[in-house]
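Visitor: I would like to go through this model with you, question by question. Could you take me through the ligand site and then one residue of a loop?

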Amino acid sequence: MSYFTPHIEAMTPYVPGEQPAGGEPVIKLNTNENPCPPSPGVQACLQSAAMESLRVYPDPRAGQFLRAVAKLHDLPDGWVLAGNGSDNLIMMIVRAAAAPDDRIAWPAPTFPFYETQALIQQARPCPVPSGEDFTFPLQGLIDAKARITFLANPNSPTGTTASNDQLHALAEALQPHGLLVIDEAYADFARSDALNLPREQPNVIVLRTLSKGYSLAGLRLGYAVARPELLEGLWKTKEIYNVSALADRLGAAAIADQQHMRNNAASIRNARDRLADALKQRRWRMIPSEANFLLAGPPDGNAERAYLGLKERRILVRYFKHPRLQNWLRITVGTDEQNHALLDALDEMNTTP
Ligand SMILES: *Cc1c(COP(=O)(O)O)cnc(C)c1O
């Protein structure tokens with residue numbers, strides 16, 4: 001006997017990366033947070049945010065934040081929708097666009113939350129295996145002809161990207177019935193983005209988050225960019241007040257300070273490339289990454305052993321039990337100090353097995 005529907009009873013829940021209790025001295029390189037502090041503008045806004053703004057309901061549209069985003073990307077009215085993190089936008093999209101048994105596709109391996117949402121909706125999950133070294137499976141995604149195609153670009157946990165030509169080709173091939181959702185959680189660290197694609201193609205939604213580039217994972221704020229006709233369907237599935245009054249104000253302040261975000265992203269990209277070189281010197285395998293993390297494989301292929309050895313030394317990285325990821329760790333790029341601590345720990349583990 002269960003109180004739940006059979007498909008909820010049967011599904012496995014999404015497993016987030018470990019978030020150790022506050023106060024524990026750990027180096028946290030497992031959930032792709034940004035090691036730099038948020039913009040000083042966010043700090044100032046937090047201090048001046050009146051208690052009054054907490055007493056009353058927030059703007060259901062998160063208008064301050066939406067105006068800041070529209071100005072940043074030079075978007076007309078109605079082209080942006082805010083979410084309680086991009087997770088919330090992914091939920092809205094699946095709810096609004098997938099009927100039971102509709103196909104939802106993604107290149108595998110990727111962010112597991114797309115599958116979680118497909119299962120909740122009783123849609124049909126269509127993971128399309130990526131190529132060798134995790135190259136983008138364009139033809140497989142075209143052939144899947146899914147109702148919704150999710151694409152993290154850069155992808156997690158691989159750091160790999162699809163080119164704008166490939167995105168164009170996919171968007172075109174999926175018309176007129178398929179949506180293409182380009183999840184740009186890591187675009188702030190990448191060489192290019194697809195923010196112009198919704199202007200050119202009617203079936204494209206681009207998702208952004210403030211969790212990674214803007215160092216605001218705790219605030220919970222993201223946005224979707226698409227044509228107003230597409231966003232209208234999503235609005236219907238939105239929780240009434242899905243963005244808090246604080247997130248609306250602080251998000252606008254963060255977006256207004258592009259210089260801060262860009263400087264931090266540039267220093268993280270440099271640190272990433274230095275960390276990749278240092279790991280390669282230690283004979284680690286590496287997938288070239290355009291994100292703020294590296295998918296790296298230890299020389300003996302035993303990623304689980306490396307994960308546990310690091311954990312013993314209070315350094316958390318991510319190890320996935322996915323068949324294609326058994327020999328790999330996803331390592332978030334930290335501060336120089338944290339990255340050095342990681343390398344020192346690996347050297348120590350090598351000399352004292
Ligand atoms: C981190 C991440 C998200 C989640 O972003 P939130 O805005 O914090 O919900 C979405 N997609 C991918 C691929 C991510 O890595």
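Visitor: Which pocket is the space taken by the ligand?

Guide: The model is a predicted one, and its pockets are found from the protein atoms alone. Judged in that way, the space that the ligand takes is the largest pocket.

Visitor: Which charged residues are around the ligand?

Guide: By class, the shell holds four nonpolar, four polar and four charged residues. Because Asp, Glu, Lys and Arg count as charged, the names to look for among the residues around the ligand are D87, D183, K212 and R220.

Visitor: Which residue has a side chain with an N or O atom 2.6 Å from a nitrogen atom of the ligand?

Guide: Two other pairs involve an oxygen atom of the ligand: one lies 2.6 Å from a polar backbone atom of S86, and one lies 2.6 Å from an N or O atom in the side chain of S211. A polar contact is a pair of N or O atoms within 3.5 Å. For the nitrogen atom of the ligand, the partner at 2.6 Å is in the side chain of D183.

Visitor: How much of the ligand's exposed area does the protein bury?

Guide: The ligand taken alone exposes 380 Å². Of that area, the protein buries 92%.

Visitor: Which residues does L219 contact, leaving aside its neighbours within four places in sequence?

Guide: L219 belongs to the loop between β7 (204-209) and β8 (222-225). Its C-alpha atom is separated by 30 Å from that of P288, 69 residues apart along the chain. With neighbours within four places left aside, the contacts of L219 are A247, L250 and G251.

Definitions and conventions: Residues are numbered from 1 along each chain as its sequence is written. This is a predicted model: local features need pLDDT of at least 70, side-chain atom pairs count only at pLDDT 80 or more; totals for chains, interfaces and linings use all residues. Side-chain values use heavy atoms; hydrogens and water are left out. A residue is near a molecule or strand if one of its heavy atoms lies within 4 Å of it. A polar contact is a pair of N or O atoms within 3.5 Å; within protein, one must be able to donate a hydrogen and the other to accept it, and residues adjacent in sequence count only if both atoms are side-chain atoms. Accessible areas come from the Shrake-Rupley method with a 1.4 Å probe; for residues, only the protein chains shown count as cover. On a 1 Å grid over the protein atoms alone, a cavity is a set of points where a 1.4 Å probe fits but cannot get out, and a pocket is an open set with protein on both sides within 12 Å along at least five of seven lines; lining residues have an atom within 4 Å of a point. A molecule sits in a cavity or pocket if more than half of its atoms lie within 2 Å of its grid points. Helices (H or I, at least four residues) and strands (E, at least two) are DSSP runs, numbered from the N terminus. Contact means heavy atoms within 4.5 Å.
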